[in-house]
Amino acid sequence: MNELDTLVESARQSFLQAQTPADLENAKAQFLGKAGRITELMKGMAALSVEDKKTRGAAINIAKQAIEAALNDRRQALADAELQAQLKAEALDVTLPGRSANVGGLHPISLTLERVENIFGSMGFEVAQGPLNTPEDHPARSMHDTFYVEGGHLLRTHTSPMQIRHAVQHVKRYRNPLDAGQGMPEIRVIAPGRTYRVDSDATHSPMFHQCEGLWIGENVSFKDLKVVVTDFCRTFFESDDLVLRFRPSFFPFTEPSAEIDIQFQSGPLAGRWLEVGGSGQVHPNVVRNMGLDPEGFIGFAFGMGMDRFTMLRYGVNDLRLFFDGDVRFLSQFQ
Ligand code: PHE
């Protein structure tokens, strides 16, 4: 190995030993700098003949280029190493499972109310909503105890007061003082909502849901009540052979009155009568209080338990599960 090859080799070695760009620049100065080995060799050519200068110069240049190439290789290697180290330090573990958002859904009772509104909507009923109350001496209070709130307020025990509220508004809207109610469209409405009673067991919760129905017209009979409620129940439960029974009963605002019982012909509940609501022909006094002449207007009302409907539809045996707020239970209805 001649002197120039040895020089190139020692430059390569000292570049390889450099671990940082700064080390490398110091090593470079030793070989390629103003006072470096190559410059020294160039200076040493001064005494040579022109011929020798040519060959020696060419050889030194080749050695210089080899040193520069070694320098560039090492620069590149150090830069690559630095990049790798940085990538490693900033690495993201993309194999970690992501955090998925919880998808919410409607509560089973809300699903029932939506279904009930759709079915009655298809039978021409509008949907009314509103605040309700029963005066302290109202007979409707005597059948069930409720929660009394300070300030003269009372949590409603059923949705029936919605009948008169809606009817009075309806009659006002259409009553023309010049032609005593002529041409007034029928009252055909449902009023779903929350109701409260002092009751708590597997089939009663202090807060529950009812859906009131009211149909008043010039010729609306008990037969229409049976048709509407039967049709509704069969559609709701998707069961054509569902049987209904209107069991005589008493309510202060209907006469005659009836409890509505249903019976499935197949499935786990087949053969049992299940009470789902109350109903009756609207009492003439109620019709009068609506602002209508009971001789000219007649109709029916019903009130059904939406929680009971939901339990029967989904086969849930404890009503309280609906209001415990346990997502494992509620998510089954999505
Ligand atoms: N409101 C009655 C109840 O809660 C049910 C009912 C509604 C009865 C409409 C007759 C007419 O028990």
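This report walks through a predicted model, from its two domains down to single residues and the ligand site.

**Overall layout**

The chain splits into domain 1, covering residues 3–89, and domain 2, covering residues 108–333. Their C-alpha centres lie 97 Å apart. A couple of residue pairs give a feel for that spacing. Phenylalanine 120 and serine 10 are 110 residues apart in sequence, and their C-alpha atoms are 96 Å apart in space. Glycine 36 and aspartate 231 are 195 residues apart along the chain, with 105 Å between their C-alpha atoms.

**Domain 1: helix α1 and glycine 36**

Let's start with helix α1, which runs over residues 3–17. Its 15 residues should span 21 Å at 1.5 Å a residue, and the end C-alpha atoms are indeed 21 Å apart, so the expected and computed spans agree. The buried residues of α1 are Leu4, Leu7, Val8, Ala11, Ser14 and Phe15. These residues cover an arc of only 130° around the axis, which means they sit on the same side of α1. What do the buried residues of α1 pack against? Their partners are α2, α3 and α4, the last of these being residues 50–89.

The N-terminal end of α1 has a cap, too: a side-chain oxygen of asparagine 2 lies 2.9 Å from the backbone nitrogen of leucine 4.

Further along, glycine 36 sits in the loop between α2 (21–32) and α3 (37–43). Is glycine 36 buried or exposed? Its relative accessibility is 0%, and because buried means under 20%, glycine 36 counts as buried. Leaving out residues up to four places away in sequence, glycine 36 touches Ala29, Gln30 and Phe31.

**Domain 2: helix α5 and what covers it**

Helix α5 takes in residues 108–122, and its 15 residues should span 21 Å at 1.5 Å a residue; the end C-alpha atoms are 21 Å apart, so that checks out. Buried in α5 are Pro108, Ile109, Thr112, Leu113, Val116, Ile119 and Phe120. Why do they share one side of α5? They cover an arc of only 140° around the axis, which puts them on the same side. Asn118 and Ser122, on the other side of α5, are exposed.

The cover over the buried residues of α5 includes strands β4 (187–196), β5 (207–217) and β9 (298–305). It also includes helices α7 (222–237), α9 (306–314) and α10 (327–330). After α5 comes glycine 124, whose phi is positive, near 85°.

Two residues let you see this packing up close. Phenylalanine 120, in helix α5, is buried with a relative accessible area of 0%. Not counting residues up to four places away in sequence, phenylalanine 120 touches Phe125, Ile190, Val228, Phe232, Phe302 and Met304. Threonine 310, in helix α9, is likewise buried, at 0% relative accessibility. With neighbours within four places in sequence set aside, threonine 310 is in contact with Pro108, Ile109, Thr112 and Phe322.

**Backbone details worth a look**

The peptide bond from glutamate 255 to proline 256 is cis, with omega near 0°. Proline 256 belongs to strand β7, residues 254–263.

Glutamate 238 is another one to inspect: its phi is positive, near 50°, even though the residue is not a glycine. Glutamate 238 lies in the loop between α7 and β6 (243–251). Buried or exposed, which is glutamate 238? At a relative accessible area of 62%, and because exposed means over 50%, glutamate 238 is exposed.

**The ligand site**

There are 14 residues around the ligand, and the ones that come nearest are His158, Ser160, Arg197, Gln210 and Gly303. Polar side-chain contacts to the ligand include these:

| Residue | Ligand atom | Distance |
|---|---|---|
| Histidine 158 | nitrogen | 2.8 Å |
| Arginine 197 | oxygen | 2.9 Å |
| Glutamine 210 | oxygen | 2.9 Å |

In the histidine 158 row, the protein partner is an N or O atom in the side chain. For arginine 197, a polar side-chain atom makes the contact, and a polar side-chain atom of glutamine 210 does the job there.

Conventions: Residues are numbered from 1 along each chain as its sequence is written. This is a predicted model: local features need pLDDT of at least 70, side-chain atom pairs count only at pLDDT 80 or more; totals for chains, interfaces and linings use all residues. Side-chain values use heavy atoms; hydrogens and water are left out. Domain bounds come from an automatic or database domain assignment. Helices (H or I, at least four residues) and strands (E, at least two) are DSSP runs, numbered from the N terminus. The expected span of a helix is 1.5 Å times one less than its number of residues. Buried means under 20% relative accessible area, exposed over 50%, partly exposed in between (1.4 Å probe, protein chains only). The arc is that of the directions from the helix axis to the C-beta atoms. Contact means heavy atoms within 4.5 Å. A residue is near a molecule or strand if one of its heavy atoms lies within 4 Å of it. A polar contact is a pair of N or O atoms within 3.5 Å; within protein, one must be able to donate a hydrogen and the other to accept it, and residues adjacent in sequence count only if both atoms are side-chain atoms.
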